[in-house]
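Subject: Handing over a structure, with notes on what was found

Dear colleague,

I am passing on the structure that follows, and I would be grateful if you could read the notes below with it open in front of you.

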Amino acid sequence: MNPEAVRFDERGLVPAVVQDADDATVLMVGWMDRAALDRTLATGEVHFWSRSRRRLWKKGETSGHVLHVVDVGVDCDADTLLVRARPEGPTCHTGSRSCFTTASPGVLAELWSTILDRKATSPDGSYTARLLDGGVDRVGRKVVEEATEVLLAAKDHVHGGPDRRIVEEAADLLYHLLVLLASRDVDLEEVLAELSRRRR
């Protein structure tokens with residue numbers, strides 16, 4: 001694209017919509033000035049202008065979750081950019097793939113935060129804290145147990161069983177798997193980043 005064709009606003013900025021190049025999912029929206037656009041085009045990694053910090057920054061400069069540029073386009077009015085990119089790990093600071101993700105990944109991030117809090121504070125009466133106190137073996141047994149329940153629910157569904165049971169057992173499995181990750185100090189974001197790499 002020709003940066004000269006872009007119509008920056010009175011602040012010298014233009015909104016940039018970042019879209020996954022593989023499946024068109026909108027990942028985030030940021031702001032670019034001319035320097036950020038030039039750096040993005042020159043390096044092949046998405047850069048923005050931070051309005052709060054008032055400086056140029058590369059997406060993923062601290063987390064490592066960079067956005068690799070496939071192409072950059074401009075809309076019909078030349079005042080909005082569309083950046084098609086391939087993300088290296090989650091795009092959102094919450095650990096979600098997209099900043100526009102619907103409730104489910106947000107709930108997952110909240111659950112992960114709660115589990116980490118229970119690990120740190122070990123409050124009385126907390127099932128999560130009791131699980132963690134039991135160590136990897138105890139949590140691991142629950143993961144195996146819940147995985148078996150998911151399989152049984154799925155097989156039951158084949159024979160006309162209710163969908164709801166699969167949903168409930170899958171939720172139990174996800175929860176216990178997160179507790180297992182926490183017990184081994186494995187960050188959920190690392191798992192999400194690995195999933196992102198594998199989906200290519």
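The notes below begin with the chain as a whole and then turn to individual residues.

Please keep in mind throughout that this is a predicted model.

**The chain as a whole**

There are six helices and six strands in the chain, and their order along the sequence is β-β-α-β-β-β-β-α-α-α-α-α. The radius of gyration is 22 Å, whereas a compact globule of 200 residues would have one near 16 Å. Taken along the principal axes, the box filled by the C-alpha atoms is roughly 60 × 45 × 25 Å. Of the 200 residues in the chain, 34% are buried, and the accessible surface amounts to about 11,500 Å², with carbon and sulfur atoms contributing 53% of that area. Among contacts in the chain with a separation of 6 or more, 50% are between residues 24 or more positions apart. As for charge, the chain carries 27 positive and 33 negative side chains, and 3 Å lies between the centres of the two sets.

Two distances give a sense of the extent of the model. The C-alpha atoms of Val 139 and Leu 13, which are 126 residues apart along the chain, are separated by 50 Å, and those of His 47 and Ser 126, 79 residues apart along the chain, are separated by 43 Å.

**Two buried histidines**

His 47 is found in strand E3, which covers residues 47–50, and it counts as buried because its relative accessibility is 6%, under the 20% cut-off. Leaving out residues up to four places away in sequence, His 47 touches Met 32, Ala 36, Arg 39, Thr 40, Leu 56, Trp 57 and Lys 58. A polar atom of the His 47 side chain also lies 2.8 Å from the backbone oxygen of Glu 45.

His 65, by contrast, is placed in a loop, the one between strand E4 (55–58) and strand E5 (67–74), yet His 65 is buried as well, with a relative accessible area of 11%. The residues that His 65 touches, again not counting those up to four places away in sequence, are Lys 59, Gly 60, Glu 88, Gly 89, Pro 90, Glu 189 and Ala 193. With Pro 90 there is also a polar contact, in which the side chain of His 65 reaches the backbone oxygen of that residue at 3.4 Å.

**Helix H4**

Three residues of helix H4, which spans residues 135–158, deserve a look. Val 139 lies in this helix and counts as buried, with 0% relative accessibility; beyond its neighbours up to four places away in sequence, Val 139 touches Leu 131, Leu 132, His 176, Val 179 and Leu 180.

Lys 142 also lies in helix H4. Is Lys 142 buried or exposed? The relative accessible area of Lys 142 is 19%, and since buried means under 20%, this residue counts as buried, although the value leaves little room below the cut-off. The side chain of Lys 142 makes a polar contact of 3.1 Å with the side chain of Glu 145. Apart from neighbours within four places in sequence, Lys 142 is in contact with Tyr 127, Leu 131 and His 176; Leu 131 and His 176 are also among the residues that Val 139 touches.

Ala 154, the third of these residues in helix H4, is partly exposed at 31% relative accessibility. The C-alpha atom of Ala 154 is 6.1 Å from that of Ile 166, which is 12 residues away along the chain.

**Two loop residues with positive phi**

Ala 24 is not a glycine, and yet its phi is positive, at about 70°. This residue lies in the loop between strand E1 (14–20) and strand E2 (26–32), where its 42% relative accessibility makes it partly exposed.

Asp 185, also a residue other than glycine, has a positive phi near 60°. Asp 185 is in the loop between helix H5 (163–183) and helix H6 (188–198), and with a relative accessible area of 62%, over the 50% cut-off, it counts as exposed.

With best regards

Methods
Residues numbered from 1 in each chain as written. Predicted model: local features only at pLDDT ≥ 70, side-chain atom pairs only at ≥ 80, totals over all residues. Heavy atoms only, no water. Helix = DSSP H or I, 4+ residues; strand = E, 2+ residues; numbered from the N terminus. Rg over C-alpha atoms; globule rule 2.2 N^0.38 Å. Buried < 20%, exposed > 50% of the residue type's maximum accessible area, 1.4 Å probe, protein only. Contact = heavy atoms within 4.5 Å. Areas by Shrake-Rupley, 256 points an atom, 1.4 Å probe, with all protein chains shown as cover. Lys, Arg positive; Asp, Glu negative; His and termini not counted. Charge placed at Lys NZ, Arg CZ, Asp CG, Glu CD. Polar contact = N/O pair within 3.5 Å; in protein donor to acceptor, adjacent residues only side chain to side chain.
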